[in-house]
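Here is a brief report on one protein chain. Look over the sequence and the fold first, then read on.

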Amino acid sequence: LNLEELSPDYRKLGQGLQCLADWVKESNEFAQALAKGDLSKTPPSVENMLAAPMKSLQASLRHLAWQTQQVAKGDLTQRVDFMGEFSEAFNTMTEQLAERRQALTQEKQRIEEMNHDLKQSLDLMLALTNYTHNMIFVIAAKDQKLLLQNQPAEWFCQTNPDNAKLLWNHLIKERPAEDGHSLVWEFALPTETPEEFIFYSAESYSINWAGTPAIVHMLMDDTQRKKKENLIYKMAYVDPLTGLNNRRYGVEQIERLKKANKPFLLTMVDVDYLKYCNDTFGHEKGDEYLKNVASLLSTLRCDVCRVGGDEFYLLAEGEDLERHDQQISHLRDLLIQQKGTPYPQSFSFGTVAVGSHDQSPVECILREADRKMYAYKRANDRSLSDLKRQDNRI
């Protein structure tokens, strides 16, 4: 307003309106600063009665900011009686923080006590590792640096430097998962005796070793157990004369393939003229004959099992029946043509193809292979009298 242009009667009113406009402008600027979170804005003068509530709000907010800073510094005794629900939330938060700090203080004390106990246990563990017969290695996970080895491990590395290098290659290759689950594995090291080994069972797991990610390997000499297992396996599944697997192994393999729905070929092989060889030249020659057949059949890429006195099973995964039988026929021809024995050599065979979802019982599959084998024997039989006329050795 231009107060000079107003009549004297309205000039006082104009002055009041001008003052009100100034107060409104000051209050608006101050309110905008508060809305932006600026609590450092200088408040309007004391005469501006319109700004009084906002000045009070600024003072409360500045005090609230100070209280928040005190809470951040750790003073959890601060309480607020401002803005209703906000006060309840703030006070609840500080109370919960105080309770949490007290709980953490107690937990810290408990952990410190546990660490003391763990240190004593670790000292005891380190002492005990030197009295065990098992070897223990602790290796850094990143750079494969040796962090610890117990006395048995140190003694082994000093007395067996060549095997120590092989052992180290095994250790740095095996890496357990970092989820806390251990890795159980086995390996073997050679001895001075050819074809004899020392067998070890190992358990490895990830740990934090003095702040360094590491892997602990615990090795146990498992040679005697392995020897017993091998002996039991041979007694259960290996034919003592030929070294091939026996009938039990063959039947279990058939059941395994059927359960896995894998197609396979089963061949029944019957050694010809074995009775004549045993009766005429003795069972020692008969055993030589069987070993010769077993050695020849073992050249096939399949499982070969001796399942009876003169019978063998051949188990081959897949369905190429024609090629499989051609390979067996070729071996039969080689056997017939072999020289140097006083008795004829040959075998008969029959093959059954079993599909991936064949539901036939194992007994039926074996009978069918046996039937085909005898059909082959009848079709290709050469009597001993004919052979004697053709071979002066017989």
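Is Tyr273 buried or exposed? Tyr273 counts as buried because its relative accessible area is 17%. Here buried means under 20% relative accessible area, exposed means over 50%, and partly exposed lies in between, with a 1.4 Å probe and protein chains only.

This is a predicted model, in which local features need pLDDT of at least 70, side-chain atom pairs count only at pLDDT 80 or more, and totals for chains, interfaces and linings use all residues. Residues are numbered from 1 along each chain as its sequence is written, and side-chain values use heavy atoms, with hydrogens and water left out.

**Loops and backbone**

Helices (H or I, at least four residues) and strands (E, at least two) are DSSP runs, numbered from the N terminus. Tyr273 sits in the loop between strand 6 and helix 8. Its phi is positive, near 65°, and the residue is not a glycine. Most residues other than glycine have a negative phi. Asn261 also has a positive phi, of about 55°. Asn261 belongs to the loop between helix 7 (247–259) and strand 6.

Four residues can be set side by side for accessibility.

| Residue | Relative accessible area | Class |
|---|---|---|
| Asn261 | 35% | partly exposed |
| His324 | 6% | buried |
| Glu99 | 55% | exposed |
| Lys339 | 68% | exposed |

Lys339 is placed in the loop between helix 10 and strand 9. Its C-alpha atom is separated by 140 Å from that of Gly14, 325 residues away along the chain. Glu99 is part of helix 3 (residues 85–129). From Glu99 to Leu76 the C-alpha distance is 9.6 Å, with 23 residues of separation in sequence.

**The largest nonpolar core**

A nonpolar core is a set of buried Ala, Val, Leu, Ile, Met, Phe, Trp, Tyr and Cys residues joined through side-chain atoms within 4.5 Å. The largest one holds 26 residues. Tyr289, Val293, Leu297, Phe312, Leu314 and Phe347 touch the most other members. At least two residues of this core come from each of strand 6 (264–272), helix 8 (274–281), helix 9 (283–297), strand 8 (311–317), helix 10 (321–337) and strand 9 (346–354). Helix 9 gives the largest share, 6 residues. In soluble globular proteins, nonpolar side chains tend to be buried together.

Take Leu297. Contact means heavy atoms within 4.5 Å. Beyond its neighbours within four places in sequence, Leu297 is in contact with Val269, Val304, Phe312, Leu314, Leu331 and Phe347. Apart from the largest core lies another, of 17 residues, including Ile254, Met268, Val307 and Leu366.

**Strand 8 and its partners**

In strand 8, 6 of the 7 residues are buried. Two strands pair if DSSP finds at least two bridges between them. Strand 8 pairs with strand 6 in the antiparallel sense, over 7 bridges. Within that pairing, Leu265 has Ala316 as its bridge partner. Strand 7 (residues 303–306) is also antiparallel to strand 8, joined by 4 bridges. Here Cys305 stands opposite Tyr313. Strands 7 and 8 form a hairpin with 4 residues between them.

His324, in helix 10, touches Leu265, Thr267, Ala316 and Thr351, leaving out residues up to four places away in sequence.

**The cavity and the first hairpin**

On a 1 Å grid over the protein atoms alone, a cavity is a set of points where a 1.4 Å probe fits but cannot get out, and lining residues have an atom within 4 Å of a point. Grid points are joined across faces, edges and corners, and a volume is the space filled by probe spheres set on the points. The count is 1 cavity of 30 Å³ or more. The largest cavity has about 40 Å³ of space.

Its lining consists of Ile139, Ala140, Ala141, Gln144, Leu171, Ile172, Arg175, Ile215 and His217. Strand 1 (135–140), helix 5 (161–173) and strand 5 (212–221) each supply at least two of these residues.

Strand 1 pairs with strand 2 (residues 146–149) in the antiparallel sense over 3 bridges. Val138 has Leu148 as its bridge partner in strand 2. These two strands form a hairpin with 5 residues between them, and Gln144 in the turn has a positive phi of about 55°. Gln144 is also one of the residues lining the largest cavity.

Methods. 1 Å grid on protein atoms, 1.4 Å probe; cavity = no way out; pocket = protein on both sides within 12 Å on 5 of 7 lines; lining within 4 Å.
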